[in-house]
Amino acid sequence: MGERQKLYEGKAKILYATEDPAVLVTYFKDDATAFNAQKRGTIANKGRINNAVSTHLFKLLEAQGVATHWIASPNEREMWVKPVTIVPLEVVVRNLAAGSLCRQTGMALGTPLTPPLVEFYYKNDDLGDPLLTCDRIRAM
């Protein structure tokens, strides 16, 4: 893949250009954040696990005929991908009450959520990644 130019660095990944404009490299980091990146830390092997899970999910989608940007995962930390414009939407699935859900609702930490709660957030640091409703998503 040759020399790499960093195009973007986020909380969990770094995106690099390659000599081929049709191929980018995603590097999965061990960094962990909470409270909209106000709290930072490291989780050993988080990047390797995230790469493995992402690779598995992309393979499942491709096997069902759903096109993705995934090309290959040449090692435990990196994924080759096609350049795309992302939809700035974060999907959070909660099995237990924690974090902002507890702060905003008063639910006790660790309360089981059956069925799991699915939440959508607008990926926009300037706005603090606000919670979205289905109607707000459609309006946007």
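How many bridges join strand β1 to strand β2? In this model, which I should say at the outset is a predicted one, four bridges join β1, residues 5-9, to β2, residues 13-17, and the two strands run antiparallel. Together β1 and β2 make a hairpin, with three residues between them, and if you look at Glu9, you will find that it stands opposite Ile14 in β2.

Let me turn now to helix α1, which covers residues 46-63. With 18 residues at 1.5 Å a residue, α1 should span 26 Å, and since its end C-alpha atoms lie 26 Å apart, the expected span and the model agree. The residues of α1 that are buried, meaning under 20% relative accessible area, are Lys46, Gly47, Asn51, Ser54, Thr55 and Phe58. When we look down the axis of α1, these buried residues fall within an arc of 160°, and therefore they line one face of the helix. As background to that view, an α-helix has 3.6 residues a turn, so residues three or four places apart point the same way. On the other side of α1, by contrast, Ile49 and Ala63 are exposed. Just after the helix comes Gly65, for which the model gives a positive phi of about 85°.

Next, the sheet further along the chain. Here three strands form an open sheet, in the order β8-β9-β10, with antiparallel pairing. The edge strands are β8, residues 89-96, and β10, residues 131-132, each of which pairs on one side only. Between β9, which covers residues 112-122, and β10 there are two bridges, and these strands run antiparallel; Tyr121 has Leu131, in β10, as its bridge partner.

That brings me to the surface, and to the question of which strand contributes the largest share of the nonpolar patch. The patch is formed by Val87, Leu89, Val91, Val93 and Val118, which together have about 430 Å² of accessible area, and its largest share, three residues, comes from β8. One member of the patch that I would like to look at individually is Val91, whose place is in strand β8. Is Val91 buried, partly exposed or exposed? With a relative accessible area of 48%, Val91 is partly exposed, because that class lies between the limits of under 20% for buried and over 50% for exposed.

To draw the parts together, we have an antiparallel pair in β1 and β2, a helix whose buried residues line one face, and an open sheet of three strands, with β8 at one edge and also giving the nonpolar patch its largest share.

How values were computed: Residues numbered from 1 in each chain as written. Predicted model: local features only at pLDDT ≥ 70, side-chain atom pairs only at ≥ 80, totals over all residues. Heavy atoms only, no water. Expected span 1.5 Å × (residues − 1). Buried < 20%, exposed > 50% of the residue type's maximum accessible area, 1.4 Å probe, protein only. Arc of directions from axis to C-beta. Pairing = 2+ DSSP bridges. Patch = residues over 30% accessible without salt bridge, like charges linked within 9 Å, V, L, I, M, F, W, Y side chains within 5 Å. Areas by Shrake-Rupley, 256 points an atom, 1.4 Å probe, with all protein chains shown as cover. Salt bridge = Lys/Arg side-chain N within 4 Å of Asp/Glu carboxyl O.
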